[in-house]
Amino acid sequence: MGNREMEKAMDAYVPLELPMPKAVAIQKLLRRAARAATPYIMVAPAILTLCVFVVYPILYMVWLSAYRWDMIGPMVYVGFGNFAELFSNPDFYLVMGNTFKFMFLTVSVSIVLALLLAVYLKANTRVNALLRSFIFVPYVISMVSVAFIWAWLMNSEYGLLNFMLGKAGMSGVRWLEDAGVAMYSMIIVAVWKGLGYNVIILVSAMHAIPNQLYEAAALDNTRPLRAFFRITLPMISPTLFFLTLMNIIAAFKVFDQVALMTGGGPVNATNTLVFDIYQFGFKFYQLGYASAQGVLLMLLIAVCTAAYFGALSRRVHYGGGA
Amino acid sequence: MKKAFVLLALLAVIASPAVLPAAAAAPVDLTFWYSWTDKIQENNINLAKMFNETRGKELGIRVTAEYQGTYDELHQKLQAAYVAGKTPSVTVMEIASVRRFAESGVIMPLSPYIERDKIDMDDFFKGLLINCNVGGTWYGLPYLRSTPILYMNATLLKRAGLDPSGPKTWDELAEYCKAIKEKTGAYGITLNSDIWIFEAFMLENGATTLTPDESKSNINSPESRHVFAFFKDLVDKGYVRCVAGEDYGKVFADIMNQKTAMFFDSTADLTYNLELARENGYEINTCFIPSKKTYGVPTGGCNLVLTSRQTDRERDAAWEFIKWMTDSKQAAYAHSYTGYVATRRSVVELPEIRTLYKETPQFKVALDQLEQYGHGRPMNPGYAQVMVEWTAAMDAIWSNGADIGSTLSAADAKITRMNMLGAK
């Protein structure tokens with residue numbers, strides 16, 4: 001509102017009757033131009049940074065995906081050749097399968113567990129406050145440390161996990177060496193690492209639910225399970241939806257954990273999309289092929305984001321006076 | 001400051017007309033890139049410092065040594081630097097990558113310099129020179145080089161009633177593994193899916209991982225199948241443990257805990273392994289990797305190379321640095337400081353090295369093996385991709401019980417189908 005008043009005041013400075021002296025007209029024009037340019041100048045640094053570090057690399061990647069290039073030799077134009085190669089490579093489907101398996105299991109297990117824990121931890125007791133910060137710790141630790149610690153825990157000969165299994169009279173598991181198990185080990189670590197964040201967000205979403213709803217439910221003698229499905233779940237559904245999408249996107253991008261714990265092995269069992277991009281780009285120096293995979297990853301994430309915003313615009317708003 | 005310097009330079013020229021005018025006018029500043037930390041880093045920094053204080057001072061050359069991470073990271077940065085037009089003057093380069101950088105013009109031939117200064121190339125051990133040469137032209141000089149050898153926990157061997165000097169043949173190796181497992185409970189060997197060691201196994205069967213022209217892989221050859229079968233048999237019997245993956249760290253856990261009696265490792269780790277043995281109370285021995293049809297090992301490590309995008313003056317100065325670094329005295333320093341092999345025959349003649357061998361005979365084993373049975377490594381740029389397939393095959397067969405025939409023929413078909421070794 002204030003903006004318009006100011007505009008009015010500024011316009012009033014130059015009387016609008018004609019004819020106008022030339023100098024005044026130019027002055028007015030300049031002032032108008034300056035006023036129009038101001039916001040653009042203000043956002044220029046941010047836009048410039050965005051262009052240099054986000055837009056340009058994306059365009060460059062798309063452009064690169066049409067070439068065959070090893071970083072130092074000549075660039076050979078191949079059009080959609082890299083994509084053709086990608087889709088005719090059986091390994092690519094294996095990698096995509098791994099990526100989707102990792103994504104689906106990590107996200108579903110993590111969200112369900114987080115929901116259960118959040119229901120338990122939402123009561124504001126002192127113990128819960130402590131537990132909430134404990135459960136958040138893994139999220140804060142750097143993935144490098146987490147990967148090393150878990151690699152030790154999961155060591156088949158000396159690891160704590162197998163030691164405990166042994167004490168319980170069970171035979172050990174070759175967590176990271178058995179091609180049939182390694183992916184599940186990766187998922188365990190990813191869930192452990194991300195769980196705290198999900199719990200905290202869900203707990204705060206639950207705290208935002210007006211208490212009258214529960215009081216009303218209690219008056220009606222509603223069973224807790226019913227209250228959960230009829231009140232809690234619908235009320236936190238926007239948050240839940242947001243969390244799920246963020247988790248999906250993060251899972252698609254998994255890299256450091258794979259690189260540090262298994263190197264994509266054994267026998268490609270944990271080779272996921274971003275690790276494969278890294279491998280083709282910086283180990284095999286096939287920048288074009290790696291870029292084609294990058295374009296695909298970008299599209300995948302774009303679809304998720306579009307789904308999110310699409311749902312956001314249509315979603316039902318519950319509660320909250322705002 | 002600048003004025004004072006010019007004045008000094010002028011004075012120097014007037015005072016001693018014999019001094020090189022270029023050297024007096026302004027010192028040449030060079031950058032030298034290296035990989036790895038710890039002992040290796042100290043060695044690189046120390047040598048650069050020594051150069052600046054002696055030969056560099058004479059010639060007016062000042063070298064700054066810069067750490068650049070692992071070999072892979074260094075190579076990536078070198079490419080980026082080349083595209084950006086700002087490469088270091090001298091860098092270490094992992095030996096299998098020399099061809100790629102030579103063919104793309106990032107590094108330049110050393111042959112003219114070698115001829116001009118009459119460098120005695122025969123003084124270097126032959127096995128080390130293969131990966132310095134691309135198409136008959138010298139592109140590098142051997143610097144921090146290594147070979148794999150067989151390390152043995154002599155304490156465990158004695159307990160199993162075995163000769164602690166080690167097995168000589170593959171049959172003996174299998175017998176050793178059996179005896180160790182049965183008498184001590186430890187594994188005969190712990191190994192990981194390491195292509196470098198596999199290259200040694202292939203050489204001992206009279207073969208190589210790639211065909212001589214490097215256009216095809218030998219992964220499904222009878223020799224390769226034999227190697228896979230030999231160790232799979234030992235793994236299946238429980239005498240040998242294979243840790244999946246190329247990460248060597250997991251093998252060390254077995255070594256330290258004396259859960260394994262033998263392991264294959266680089267000579268570069270000799271000092272470390274001796275220390276580890278002392279701390280954990282066992283004796284360590286080394287011997288040649290046992291022979292099948294013959295003995296044979298690949299070499300590894302890095303060469304020193306000269307980059308192409310610099311002025312003639314910088315290039316000449318950089319060559320002086322490479323020449324000094326690879327000379328006998330400095331090679332001896334690097335050898336005893338790090339445990340990398342002696343690169344030249346003249347190094348072995350030096351009194352300090354003779355003393356070293358008398359005190360630590362394990363060093364000598366590596367040298368003898370290198371001198372008689374050292375080979376090069378494939379240099380095809382596509383080998384990086386083939387190595388990943390080979391590692392996966394080892395993971396599948398040795399630690400996941402996969403069938404040898406079908407795994408190897410599938411890997412071979414994939415290498416061919418994806419044209420990994422073809423011109424890209």
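These legends go with a few close-up views of chain B in a predicted model.

**View 1. A five-stranded sheet in chain B.** Here 5 strands of chain B come together as an open sheet. Reading across, the order is β9-β8-β10-β7-β11, and the pairing is mixed. At the edges sit β9 (240-243) and β11 (284-287) of chain B, and each of these pairs on one side only. Going from one strand to the next, the twist averages 25 degrees.

**View 2. Zooming in on β8 and β9 of chain B.** Strand β8 of chain B covers residues 187-192, and 4 bridges tie this strand to β9(B). The two run parallel. For one pair to look for, start at B:N192: the bridge partner in β9(B) is B:V243. Remember that β9 of chain B is one of the edge strands.

**View 3. A helix lying across the sheet strands.** Helix α19 of chain B, made of residues 362-373, lies across β7 (148-153) and β11 of chain B. Compared with β11(B), the helix runs at about 15 degrees. That strand, β11 of chain B, is an edge strand too.

**View 4. Where α11 and α12 of chain B cross.** Helix α11 (residues 195-204) and helix α12 (residues 222-236), both in chain B, have axes that come within 9 Å and cross at roughly 115 degrees. The crossing of α11(B) and α12(B) is right-handed. On the α11(B) side you'll find B:F198, B:F201 and B:M202, which meet B:E223, B:S224 and B:V227 from α12(B). Sorted by type, the residues of this contact come out as 4 nonpolar, 1 polar and 1 charged.

Methods:
Residues are numbered from 1 along each chain as its sequence is written. Chains are lettered from A and ligands numbered from 1 in the order in which they are written. This is a predicted model: local features need pLDDT of at least 70, side-chain atom pairs count only at pLDDT 80 or more; totals for chains, interfaces and linings use all residues. Two strands pair if DSSP finds at least two bridges between them. Helices (H or I, at least four residues) and strands (E, at least two) are DSSP runs, numbered from the N terminus. Axes are lines fitted to C-alpha atoms, for helices over the stretch in contact, and angles run from 0 to 180 degrees between N-to-C directions. Two residues are in contact if their C-beta atoms, placed from the backbone, lie within 7 Å. A crossing is left-handed if the near helix is turned anticlockwise from the far one by less than a right angle, and right-handed if clockwise. Ala, Val, Leu, Ile, Met, Phe, Trp, Tyr, Cys and Pro count as nonpolar, Asp, Glu, Lys and Arg as charged, and the others, Gly among them, as polar.
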